[in-house]
Amino acid sequence: MELRQLQYFVAVVEEANFTRAAARLHLAQPGVSAQIRQLERELGQPLLDRSGRSVTVTEVGGAVLIYARAALAAVEGIRQTVDQFSGLLRGRVRIALLSGAGSHRFDMASLLADFHDAHPQVEISLTEDTSERMLTALQRGTLDIAVIGLMDEEPPPGTSCQIVVDEPLVAAVAPDDALLTPDAERTGIPLAALRDRALISLPRGTGLRGVLERACAEAGFRPRIAFEAAAPQVLARLAARGLGVAVVPALPADEAAAAGLRTLEITAPRPRGRVALAWRTEGPAGPAARALLGRLRAALPVVGTGDGAAAAGGARQAAGAAPDHQAVGA
């Protein structure tokens with residue numbers, strides 16, 4: 001029995017799929033399957049049920065899973081203990097962003113590059129996903145840090161956040177759109193004005209889409225989504241071509257003009273687009289992830305008040321005020 005076999009087994013269980021597990025491990029899928037079958041032959045029992053659309057654990061596999069995770073955690077603990085004595089930070093950090101989060105508002109690529117320069121032994125895994133899936137991954141422990149769109153006023157239970165963007169939502173339209181013709185000087189419209197319009201929005205599962213659907217429900221109608229795109233820039237281009245009304249966070253006037261758009265703030269109700277740095281309330285498990293979280297919290301803006309800021313302070317207290325190569329603290 002080898003540690004890598006246990007690692008592959010845990011990954012397949014968590015992903016419920018051999019292909020996704022292999023991608024997560026940066027390995028070929030046949031190799032992962034072969035190693036797990038070898039482990040099953042050695043133990044003399046099937047650990048995984050491969051008969052359904054998703055891979056599930058057998059009764060024996062469920063019992064083995066507890067010890068497999070404990071063995072991997074023990075090995076990681078040994079590495080971390082030795083690293084603390086040597087002053088070296090290494091390990092793997094899994095971070096995910098909503099599409100467009102690494103824009104000019106905050107240069108995520110530079111933040112990650114600076115951290116890598118300071119700690120070259122830390123492997124950073126970066127992906128883009130919907131807020132809904134990122135929150136699920138945070139709660140499952142398969143993701144350390146996420147930049148998400150918030151749908152609710154408070155983060156989900158077990159999750160803390162630092163709000164980094166909080167802006168009103170606007171209707172972005174082409175300059176000749178009918179919303180502009182009745183009053184050329186108008187700067188806002190009631191949400192009900194979008195009742196019968198083709199809307200352009202982020203996909204389901206994103207925070208902004210959730211905010212839009214909830215606001216429309218409060219206004220008494222269901223939004224008619226004509227186009228979906230994960231990248232805000234694509235939403236803007238679709239709207240500029242007259243294909244519908246893009247519902248996006250507020251844009252500076254010069255950016256809107258450069259994109260060929262006019263924007264009207266949405267009122268009655270006034271939905272807001274909020275982006276937050278999020279993590280499990282107890283903090284990331286490994287020192288590398290805690291160190292990166294500390295760097296990001298110090299570098300990214302803190303917007304607004306309430307649970308986001310309080311949770312961030314609570315994470316600082318829970319993690320301690322050690323240097324960033326030991327724990328979160330800024």
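Let's start with the nonpolar core. The largest one has 37 residues. Within this core, M108, I145, L277 and L296 touch the most other members. Keep in mind that this is a predicted model.

Which elements build this core? Two or more residues each come from β3, α5 (108-118), α6, β5, β6, β12 (272-280) and α10. The top contributor is α10, with six residues. There is also a second core, separate from the one just described. This second core holds 32 residues, among them L169, L199, L208 and V247.

Now the chain as a whole. The protein chain has 330 residues, and 43% of them are buried. Its secondary structure comes to eleven helices and twelve strands. On contacts, take those in the protein chain with a separation of 6 or more. Of these, 76% are between residues 24 or more positions apart.

Next, the pocket. The largest pocket encloses about 1,200 Å³ of space. Its lining counts 32 residues. Closest to the pocket centre are Q7, L72, E76, R92 and R94. Hold on to R94, please.

Where does the lining come from? At least two residues each are supplied by α1 (3-15), α2 (18-25), α4 (59-86), β3 (91-97) and α10 (287-299). The largest share belongs to α4, with eight residues. So β3 and α10 are names you have heard already: both give two or more residues to the largest core, and both supply at least two to the lining of the largest pocket.

What is the lining like by class? It has 14 charged residues, eleven nonpolar and seven polar.

On to salt bridges. The whole structure has 17 of them. I will take three pairs and one network.

Pair one brings back R94. Its side chain meets that of D144 in a salt bridge, at 3.1 Å from N to O. R94 sits in strand β3. D144 sits in the loop between α6 (131-140) and β5 (145-150). The two are 50 residues apart, and the pair links distant parts of the chain. Is D144 buried or exposed? Buried: its relative accessible area is 4%. And remember, R94 is among the residues closest to the centre of the largest pocket.

Pair two is R197 with D177. Here the closest N and O atoms are 2.8 Å apart. R197 lies in the loop between β7 (188-190) and β8 (198-201), and D177 in the loop between β6 (159-173) and β7. Those positions are 20 residues apart in sequence, so the salt bridge ties together separate parts. What about accessibility? D177 counts as buried, at 10% relative accessibility. R197 is partly exposed, with a relative accessible area of 22%.

Pair three is E282 with R280. Their side chains meet in a salt bridge at 3.7 Å, N to O. Look at the two ends. E282 is exposed, with a relative accessible area of 59%. R280 is buried, with a relative accessible area of 10%.

Last, the network. Which residues are linked in it? E14, E15, R20, R24 and R69, through salt bridges.

To recap. The largest core has 37 residues, with a second, separate one of 32. The largest pocket holds about 1,200 Å³, and α4 gives the largest share of its lining. R94 is one of the residues closest to the pocket centre, and its side chain forms a salt bridge with D144.

Note on methods: Residues numbered from 1 in each chain as written. Predicted model: local features only at pLDDT ≥ 70, side-chain atom pairs only at ≥ 80, totals over all residues. Heavy atoms only, no water. 1 Å grid on protein atoms, 1.4 Å probe; cavity = no way out; pocket = protein on both sides within 12 Å on 5 of 7 lines; lining within 4 Å. Points joined across faces, edges and corners; volume = space filled by probe spheres on them. Helix = DSSP H or I, 4+ residues; strand = E, 2+ residues; numbered from the N terminus. Nonpolar A, V, L, I, M, F, W, Y, C, P; charged D, E, K, R; others polar. Salt bridge = Lys/Arg side-chain N within 4 Å of Asp/Glu carboxyl O. Buried < 20%, exposed > 50% of the residue type's maximum accessible area, 1.4 Å probe, protein only. Core = buried A, V, L, I, M, F, W, Y, C linked by side-chain atoms within 4.5 Å. Contact = heavy atoms within 4.5 Å.
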